[in-house]
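I opened the notebook for a first pass through this one. The plan is to look things up one at a time and jot down what comes back.

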Amino acid sequence: MGKVSIGLRGWRFDEEEVFTEDGNYRPMDEISADTQKRLGRLSALVGSPCDACWLIHGDENLPDCNVTEVVYGEPLSEVSVCSEHETDFLYWYFENGGERFRGEDELQDEFHEWFADGGRAPDGYGGMEHVDTDPDDLPEPPEPDLEAMNVELPEDEKEKIDLRDVDISQEYPK
C-alpha cells in the first residue's frame with residue numbers, strides 16, 4: 001500500500017493508516033490525530049468554492065465559482081483551488097516565494113493577498129501531473145466520535161461569546 005489522496009488531490013495519506021485490507025475506512029480511534037484532523041477538514045472542503053474563484057467573484061456570486069479540486073497547506077490555513085487556478089498557486093509557491101510559508105499558518109493569507117493583487121501564473125506555465133484512479137469509488141468514512149473530542153475547560157479559562165455581536169465580514173467561507 002502507498003500514499004493516496006481522498007476526496008481532493010493534494011493531501012496524501014498512508015493508505016494502510018486510513019483503509020483496512022478490504023478497502024474500508026478504519027475506525028477513527030485507529031487513525032492518528034493529524035490524519036483525523038485532515039479527514040475532518042476534507043469533509044468541509046469537498047464541494048466548497050475554489051479560493052481563487054471566490055476572490056474573483058465574492059460571496060454574492062458563489063454559483064460562478066468552480067468547485068475545489070486540490071488542497072495544499074495545513075488544515076484551517078490551507079489553499080483550496082480548482083484545476084484552472086492550481087497553476088496560479090503552483091507558480092506563486094515555486095516561482096514567487098510562496099514556498100517559504102510551507103507548514104505555516106500564513107500560507108492561505110499570503111496566497112490570497114498575492115492573487116487578490118492580480119498575481120497569476122504566466123501563460124503556458126506547467127502545472128503538476130496527477131494520476132487519478134477511481135476517485136469516485138471510495139467507501140464512506142466512519143463518523144468521528146465528537147463526544148471524545150470535547151475537552152472540559154476549567155471555569156477560569158472559559159470565554160463567553162455573544163454571537164449577536166460578531167463581525168463576520170472578515171471571515172472566509174469554508
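My entries follow, going from the overall fold to single residues.

**Entry 1: the fold**

Note to self before anything else: this is a predicted model. I looked up the secondary structure and got six helices and four strands in the protein chain. Along the sequence they come in the order β-β-α-α-α-β-β-α-α-α. I then checked burial, and 32% of the 174 residues count as buried. For contacts with a separation of 6 or more, I find that 56% join residues 24 or more positions apart.

**Entry 2: two helices, checked for length**

How does the span of α4 fit with 1.5 Å a residue? I get 18 Å between the end C-alpha atoms, and the 13 residues should span 18 Å, so the two agree. Helix α2 covers residues 33–45, also has 13 residues, and reaches 18 Å from its first C-alpha to its last, close to the 18 Å expected.

Next I asked which residues of each are buried. In α2 the list is T35, Q36, R38, L39, R41, L42 and L45. In α4 I have H85, E86, D88, F89, L90, W92 and Y93. I also looked up what covers those buried α4 residues, and the cover includes α3 (51–57), β3 (70–72), β4 and α5.

I had a look at what comes after each helix too. G47 follows α2 with a positive phi, near 90°. After α4 comes G97, whose phi is positive and near 90°.

**Entry 3: aromatic rings**

I ran the ring search and it returned 12 aromatic pairs. Is the pair F89 and Y93 stacked or edge-to-face? The ring centres are 5.7 Å apart and the planes are at 25°, which is under the 30 degrees limit, so I wrote it down as stacked. Both residues lie in helix α4 (residues 83–95), four residues apart, about one turn of the helix. F89 is buried at 2% relative accessible area, and Y93 is buried at 10%.

I then pulled up F111 and F115, an aromatic pair that is tilted, with 5.8 Å centre to centre and 35° between the planes. These two both lie in helix α5 (residues 107–116), four residues apart, about one turn of the helix. Both of them are buried.

I wanted to know where these rings belong in the wider picture. One aromatic cluster takes in Y72, F89, Y91, W92, Y93, F94, F101, F111, W114, F115 and Y125.

**Entry 4: charges over rings**

I searched for charged ends over ring faces. R120 lies over the face of F115, at 3.5 Å from the ring centre. I also noted R38, whose charged end sits over the ring of W11, 5.0 Å from its centre. R38 is one of the buried residues of α2.

**Entry 5: cysteines**

How many disulfides does the structure hold? Zero. I went to C50 to see why: the closest cysteine sulfur, in C82, is 3.7 Å away, and a disulfide needs the sulfurs within 2.5 Å, so the gap is too far for a bond. From the other side, C82 is in no disulfide either, and its nearest cysteine sulfur is that of C50. I checked burial for both: C50 counts as buried at 0% relative accessibility, and C82 is buried at 1% relative accessible area.

**Entry 6: T68 and S80**

Last stop was T68, which I found in the loop between α3 and β3. Is T68 buried or exposed? At 4% relative accessibility, it counts as buried. Leaving aside neighbours within four places in sequence, I list its contacts as L8, L45, S48, P49, C50, S80, V81 and C82. Both cysteines from the previous entry are among them.

I followed up the polar side of T68. A polar atom of its side chain lies 3.2 Å from the backbone oxygen of P49. The side chain of T68 also makes a polar contact with the side chain of S80, at 3.5 Å. I looked up S80 as well: it lies in strand β4 (residues 79–81), and it is buried, with a relative accessible area of 0%.

Notes. Residues numbered from 1 in each chain as written. Predicted model: local features only at pLDDT ≥ 70, side-chain atom pairs only at ≥ 80, totals over all residues. Heavy atoms only, no water. Buried < 20%, exposed > 50% of the residue type's maximum accessible area, 1.4 Å probe, protein only. Polar contact = N/O pair within 3.5 Å; in protein donor to acceptor, adjacent residues only side chain to side chain. Phe/Tyr/Trp six-rings, centres within 6.5 Å; stacked < 30°, edge-to-face > 60°. Lys NZ or Arg CZ within 6 Å of the ring centre and 35° of its normal. Expected span 1.5 Å × (residues − 1). Contact = heavy atoms within 4.5 Å.
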